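Student: I've got this model open on my screen and I'd like to get a feel for it. Please walk me through it, and I'll ask as we go.

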Amino acid sequence: SSCFLTTVPDDLFGIYSAIRDNAMLSKWAGGLGNDWTPVRALGAHIKGTNGKSQGIVPFLKVVNDTAVAVNQGGKRKGAVCSYLETWHLDIEEFLELRKNTGDERRRAHDMNTANWIPDLFMKRVFNDQEWTLFSPNNVPELHDLHGLAFEEKYAEYERKAAAGQIDVYKTVKASDLWRKMISMLFETGHPWITFKDACNVRSPQQHIGAIHSSNLCTEITLNTNKDEIAVCNLGSINLVNHVDENGLNREKLKKSITTAVRMLDNVIDINYYSVPQAENSNLKHRPIGMGIMGFQDALYAQKIPYASDQAVEFADVSMEVISYYALNASSDLAAERGSYQSYKGSLWDQGILPIDSLKLLYEARGVDFLDVNMDQR
């Protein structure tokens with residue numbers, strides 16, 4: 001299995017258990033995505049000791065150094081990406097983790113970072129409004145909510161903060177924070193930009209909980225909780241081997257994809273799991289992912305210029321063909337082996353495929369905030 005996604009709980013035992021899990025998964029060559037949003041911010045009250053929290057940055061230093069200390073199977077560098085939601089009070093320091101200037105004790109140069117952005121933040125940027133930063137222990141529901149439910153609860157917490165009922169918070173201009181996010185991305189390549197609402201609205205598995213982050217490479221979105229470390233089982237179709245003088249060889253592609261889907265499903269059963277939460281999640285939900293490689297080579301073989309409309313057309317056709325045959329192969333496999341354990345109630349179960357779920361996003365965001373081509377063959 002290729003990548004693992006975890007949510008880090010807001011207690012010391014849980015934090016270091018998550019870091020230990022990172023080490024074990026990295027040892028067996030896994031790429032990691034950690035959701036740090038639940039962990040309380042700098043200055044937040046700690047009930048057990050009556051002290052104040054140091055926030056997430058010191059722990060992220062440990063995560064960074066763990067990735068260096070425990071590389072992937074002794075073969076390549078350890079790789080982890082930490083995610084933080086935009087309303088977290090530590091977000092401004094989080095943005096600077098990869099900077100090459102400043103206090104080295106507040107930097108993490110060997111780790112990837114990503115912003116987990118709710119749509120409400122982008123609306124506030126567009127409308128030039130203010131944005132409030134909270135410590136998650138004071139606003140516990142925000143982590144699991146998205147869409148309208150998130151917006152309503154967030155506004156409620158803003159009212160409480162303004163009324164003096166929440167002590168640790170900060171108000172900033174949304175556009176200033178966005179400018180800082182973009183500036184840091186330009187300067188350091190981090191944190192990456194990922195969108196919470198789109199991932200949750202289009203998630204086939206939204207009936208079993210929220211998606212709190214993506215993975216190391218931001219192509220996978222799966223549910224995580226304290227009992228489940230999400231796992232994705234990935235493979236890649238070499239596209240250049242599926243083009244000939246007539247263009248895309250659909251029959252060969254169909255054969256490769258059908259075999260690949262079966263192989264990826266087999267991986268779930270024969271894989272070694274270094275932590276029990278990963279096995280629990282993988283056997284329950286059986287997620288597989290299939291990407292491509294050799295795209296540029298496939299264009300070259302057909303003498304198609306990379307920056308042409310023809311290249312975009314080839315991308316459209318090849319992706320839709322791969323999606324179609326992958327879903328078809330998965331469906332045939334379900335007829336043969338039975339559907340996965342948590343299938344009931346999923347978008348799949350409702351007959352809503354990923355190509356259809358764009359409409360759900362359109363409904364959630366409205367006409368002003370979605371500009372996507374919905375053509376299909």
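Tutor: Let's settle one term up front: buried is under 20% relative accessible area, exposed is over 50%, and partly exposed is in between, with a 1.4 Å probe and protein chains only. This is a predicted model, in which local features need pLDDT of at least 70, side-chain atom pairs count only at pLDDT 80 or more, and totals for chains, interfaces and linings use all residues. Residues are numbered from 1 along each chain as its sequence is written, and side-chain values use heavy atoms, with hydrogens and water left out.

Student: Okay, is K303 buried or exposed?

Tutor: Find the loop between α10 (295-301) and α11 (309-337), and K303 is in there. Helices (H or I, at least four residues) and strands (E, at least two) are DSSP runs, numbered from the N terminus. K303 has a positive phi of about 55 degrees although it is not a glycine. Its relative accessibility is 75%, so K303 counts as exposed.

Student: What phi does N50 have, in the turn of the β3 and β4 hairpin?

Tutor: Strands β3 (residues 42-46) and β4 (residues 51-54) pair in the antiparallel sense over three bridges; two strands count as paired if DSSP finds at least two bridges between them. Four residues separate β3 and β4 in this hairpin, and N50, at 61% relative accessibility, counts as exposed. Most residues other than glycine have a negative phi, and most peptide bonds are trans. N50 isn't a glycine, yet its phi is positive, about 60 degrees.

Student: And which residue in β4 is the bridge partner of L42?

Tutor: Look across the antiparallel pairing of β3 and β4. The β4 residue bridged to L42 is Q54.

Student: What is the omega of the peptide bond from H190 to P191?

Tutor: P191 sits in the loop between α6 (174-188) and β9 (192-195). The bond from H190 to P191 is cis, with omega near -15 degrees.

Student: Why do the buried residues of α9 lie on the same side?

Tutor: Those residues of α9 (residues 276-285) are Q277, A278, S281, N282 and H285. An α-helix has 3.6 residues a turn, so residues three or four places apart point the same way. Taking the directions from the helix axis to the C-beta atoms, the buried residues share one side of α9 because they cover an arc of only 125 degrees.

Student: Which elements are among those covering the buried residues of α9?

Tutor: Go by contacts, meaning heavy atoms within 4.5 Å. The cover includes β1 (3-7), α1 (12-27), β10 (230-238) and α8 (250-270).

Student: How many salt bridges are there?

Tutor: Side chains of opposite charge can pair when their charged atoms come close. The rule here is a side-chain nitrogen of Lys or Arg within 4 Å of a carboxyl oxygen of Asp or Glu. One example is R106 with E93, whose closest N and O atoms are 2.7 Å apart. The count of salt bridges comes to 25.

Student: How far apart in sequence are the parts that R106 and E93 tie together?

Tutor: E93 is partly exposed, at 26% relative accessible area. R106 lies in the loop between α3 (91-95) and β6 (112-117) and E93 in helix α3, so the parts tied together are 13 residues apart.

Student: What about E320 and R377: how many residues apart are they?

Tutor: Their salt bridge has its closest N and O atoms 3.5 Å apart. E320 is in helix α11 and R377 in the segment after α12, so by these DSSP runs the pair links distant parts of the chain, 57 residues apart.

Student: Last one: how much accessible area do Y362, V367, V372 and M374 have together?

Tutor: V372 lies in the segment after α12 (354-365) and is partly exposed, at 37% relative accessible area. Patches take residues with over 30% relative accessible area and no salt bridge, joining like charges within 9 Å and nonpolar side chains (Val, Leu, Ile, Met, Phe, Trp, Tyr) within 5 Å. Accessible areas come from the Shrake-Rupley method with a 1.4 Å probe, and for residues only the protein chains shown count as cover. The four residues form a nonpolar surface patch with a combined accessible area of about 340 Å².
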